[in-house]
Amino acid sequence: MALIKCPECGKEISDKATACPNCGMPLRLEDRGTYDIIITREKQKFLVNPKIKVTVDTTNKYILEKNGSITIPLTTGSHTILFSSGIRKTQTNIDVTENMNINVQFNRATGEIDVSGYKTASQTNTPNISIGIGGGIFKGGN
Ligand SMILES: [Zn+2]
């Protein structure tokens, strides 16, 4: 038996425990209601492909490379995702209830970053959301 630190209260507990005996925090991600949020950068033929920084809940930072994809485990509930590249930035809120896919691409016309294909696995009628970085454009129902 090994000892691990509880991610909630920091107390040392058995790695065999399903929940922290001190604070009750479930130790398995599936028990916490955690889902995979997959953010994919759509393939584009640009000479210049600046990195897109992805900041989740103001603290967790990721880099979305050219043609790249990142998977972020998030607990059930509301989360903030900030996309930025240089001075361009925009933010979206997602309500996590299951695994979700989000597509990101640079808008050729404006140079802004579009966030689209925002959907959950069970949605058959996918809302299409486009958020222009800088302009704050928000479209729905495409
Ligand atoms: Zn604990």
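The following conversation goes through a predicted model and asks how its labels are earned.

Colleague: To begin with the whole chain, what elements does the protein have, and how much of it is buried?

Modeller: The protein has zero helices and 12 strands, and buried residues make up 35% of its 142 residues. Its exposed surface comes to about 8500 Å², of which carbon and sulfur atoms supply 49%.

Colleague: What makes Cys6, Cys9, Cys20 and Cys23 donors of the zinc ion?

Modeller: The SG atoms of Cys6, Cys9, Cys20 and Cys23 lie 2.3 Å from the zinc ion, and because a sulfur atom within 2.8 Å of this metal counts as a donor, these four qualify. Along the chain, the donors follow the spacing C-x2-C-x10-C-x2-C.

Colleague: Why is the site of the zinc ion called tetrahedral?

Modeller: The angles among its four donor atoms run from 105 to 115°, and four donors count as tetrahedral if all angles lie between 85 and 135 degrees, so the site of the zinc ion is given that name.

Colleague: Two of these donors are Cys20 and Cys23; how do you know whether Cys20 is buried or exposed, and what is Cys23 called?

Modeller: Cys20 has a relative accessibility of 3%, and since buried means under 20%, Cys20 is counted as buried. Cys23, in contrast, has a relative accessible area of 37%, which falls between the 20% and 50% limits, and therefore Cys23 is partly exposed.

Colleague: Where does Lys11 lie, and what is it called in terms of accessibility?

Modeller: Lys11 is in the loop between strand S1 (3-5) and S2, and because its relative accessibility is 44%, Lys11 counts as partly exposed. Lys11 and Cys23 are 12 residues apart in sequence, with 8.9 Å from C-alpha to C-alpha. Leaving out residues up to four places away in sequence, Lys11 touches Ile4, Lys5, Cys6 and Asn22.

Colleague: What makes Ser14 count as buried?

Modeller: Ser14, which is found in strand S2 (residues 12-14), has a relative accessibility of 16%, and as this is under 20%, Ser14 counts as buried. Beyond its neighbours within four places in sequence, Ser14 is in contact with Met1, Ala2, Leu3, Ile4 and Leu27. The side chain of Ser14 also reaches the backbone nitrogen of Lys16, at 2.9 Å.

Colleague: How do you know that Lys16 forms a salt bridge with Asp15?

Modeller: The closest N and O atoms of Lys16 and Asp15 are 3.7 Å apart, and because the rule asks for a side-chain nitrogen of Lys or Arg within 4 Å of a carboxyl oxygen of Asp or Glu, the pair qualifies. By this rule the count comes to one salt bridge. As for accessibility, Lys16 is exposed because its relative accessible area is 63%, whereas Asp15, at 34%, is partly exposed.

Colleague: What makes the pair of His79 and Asp57 a polar contact, and is His79 buried or exposed?

Modeller: The side chains of His79 and Asp57 are joined at 2.6 Å, and since a polar contact needs N or O atoms within 3.5 Å, that distance satisfies the cut-off. His79, whose place is in strand S7 (residues 77-85), has a relative accessible area of 8%, and because buried means under 20%, His79 is called buried. Not counting residues up to four places away in sequence, His79 touches Asp57, Leu74, Thr92, Asn93, Ile94 and Val96.

Definitions and conventions:
Residues numbered from 1 in each chain as written. Predicted model: local features only at pLDDT ≥ 70, side-chain atom pairs only at ≥ 80, totals over all residues. Heavy atoms only, no water. Helix = DSSP H or I, 4+ residues; strand = E, 2+ residues; numbered from the N terminus. Buried < 20%, exposed > 50% of the residue type's maximum accessible area, 1.4 Å probe, protein only. Polar contact = N/O pair within 3.5 Å; in protein donor to acceptor, adjacent residues only side chain to side chain. Contact = heavy atoms within 4.5 Å. Donors = N, O, S within 2.8 Å, 3.2 Å for Na, K, Ca; no water. Tetrahedral: all angles 85-135°; square planar, octahedral: opposite > 155°, others 65-115°. Areas by Shrake-Rupley, 256 points an atom, 1.4 Å probe, with all protein chains shown as cover.
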